[in-house]
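Student: I've got this one open on my screen and I'd like a close look at a single part. Could you walk me through the sheet, and then show me how the rest fits around that part?

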Amino acid sequence: MRVDENNSFATQLQRYASALGRLESLRIRLADGCRLKTYQKRLAEVTVDPRSAIESQLVFAATYDLREIDEINEIVENLPATLDTAIFDLLQRVASGSEHPDDELDAPAREAQFELYLGTMLRRGGISARHGKPDLAAKWHNEEFFIEAKRPTSLKRFDDRLRS
């Protein structure tokens, strides 16, 4: 399937259902109330809603959900053929957390998701990436680069995370 910015909500929902199914087949536990399942339920609601107008609160939530859904789809669709312990541990953390990072003081689920997403982007670009300590080791032109994935948790922390 060709994936681009023109895919419908129904297509995204189908891809996401496949991604969640793959996670569960890898023995990643996804409780019914977990954030990943909540995103799926809300996208399904928006996709099949017959009303001509949807409440702004639902629209804002679904907009955020779509970004999260897109990242999860990319991560799962581009996992290495063999999962090592580091990737498996990160995937388990991704399944936790609250629906929105503003609801958390610390966001280990989103930190893990960000780290996996960076690894996905590197692999998609033809750069081998290994997760662990440091967060990522990437090999490019016979040199190894070490990356600490730092996701800013607020505008105030951006400078700190950038410097780190």
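Tutor: The sheet in this predicted model is an open one, with three strands in the order 1-2-3 and antiparallel pairing. Strand 1 (128–131) and strand 3 (143–147) are the edge strands, each pairing on one side only. On average, neighbouring strands are turned by 25 degrees against each other, ignoring direction. Strands of a sheet pair through backbone hydrogen bonds, and the pairing can be parallel or antiparallel. Strand 2 (residues 136–140) pairs with strand 3 in the antiparallel sense, over five bridges. To pick out one bridge on your screen, find Lys139: its partner in strand 3 is Glu144. Helix 5 packs on this sheet, touching strand 1, strand 2 and strand 3, and its direction makes about 160 degrees with that of strand 1.

Now look at the loops of the sheet. Pro134 sits in the loop between strand 1 and strand 2, and the peptide bond leading to Pro134 from Lys133 is cis, with omega near -5 degrees. The loop between strand 2 and strand 3 holds His141. His141 isn't a glycine, yet its phi is positive, at about 50 degrees. Why notice these two spots? Most residues other than glycine have a negative phi, and most peptide bonds are trans. His141 also counts as exposed, because its relative accessibility is 63% and the cut-off is over 50%.

From here, let's go to what is packed inside. The largest nonpolar core has 26 residues, and Leu23, Leu30, Leu36 and Leu91 have the most contacts inside it. Two or more residues each come from helix 1 (9–25), helix 2 (35–48), helix 3, helix 4 (85–94) and helix 5 (108–124). Helix 3 gives the most, with six residues. A second, separate core of five residues includes Leu122, Ala129, Leu136 and Ala138. For a feel of the big core, click on Leu23: leaving aside residues up to four places away in sequence, Leu23 touches Ile28, Leu30, Leu36, Val76 and Leu91.

Leu23 is one of the buried residues of helix 1, along with others including Thr11, Tyr16 and Leu20. Helix 1 has 17 residues and reaches 24 Å from its first C-alpha to its last, close to the 24 Å expected at 1.5 Å a residue. Its buried residues pack against helix 2, helix 3 and helix 4. After helix 1 comes Arg27, with a positive phi near 70 degrees. Arg27 belongs to the loop between helix 1 and helix 2, and at a relative accessible area of 72% Arg27 is exposed.

Next come the charged pairs. Side chains of opposite charge can pair when their charged atoms come close. Searching the whole structure turns up ten salt bridges. One of them joins Glu74 and Arg15, whose closest N and O atoms are 3.5 Å apart. Glu74 is in helix 3 and Arg15 in helix 1, so this pair ties together parts that are 59 residues apart in sequence. Are the two partners buried or exposed? Glu74 counts as buried at 10% relative accessibility, and Arg15 counts as buried at 3%.

Another salt bridge brings together the side chains of Glu24 and Lys37, at 3.4 Å from N to O. This pair also links distant parts of the chain, with Glu24 in helix 1 and Lys37 in helix 2, 13 residues apart. Here Glu24 is partly exposed, with a relative accessible area of 37%, whereas Lys37 is buried at 14%.

There is a network to trace too: salt bridges link Arg35, Arg67, Glu68, Glu71 and Arg110. Within it, Glu68 pairs with Arg67, and their closest N and O atoms are 3.2 Å apart. Glu68 is buried, at 1% relative accessibility, while Arg67 is partly exposed at 41%.

One last stop is Asp65, in helix 3 (residues 56–77). At 3% relative accessibility, Asp65 counts as buried. Not counting residues up to four places away in sequence, Asp65 touches Tyr39 and Arg42.

Notes: Residues numbered from 1 in each chain as written. Predicted model: local features only at pLDDT ≥ 70, side-chain atom pairs only at ≥ 80, totals over all residues. Heavy atoms only, no water. Helix = DSSP H or I, 4+ residues; strand = E, 2+ residues; numbered from the N terminus. Buried < 20%, exposed > 50% of the residue type's maximum accessible area, 1.4 Å probe, protein only. Contact = heavy atoms within 4.5 Å. Core = buried A, V, L, I, M, F, W, Y, C linked by side-chain atoms within 4.5 Å. Pairing = 2+ DSSP bridges. Axes fitted to C-alpha atoms, helices over the stretch in contact; angles between N-to-C directions. Expected span 1.5 Å × (residues − 1). Salt bridge = Lys/Arg side-chain N within 4 Å of Asp/Glu carboxyl O.
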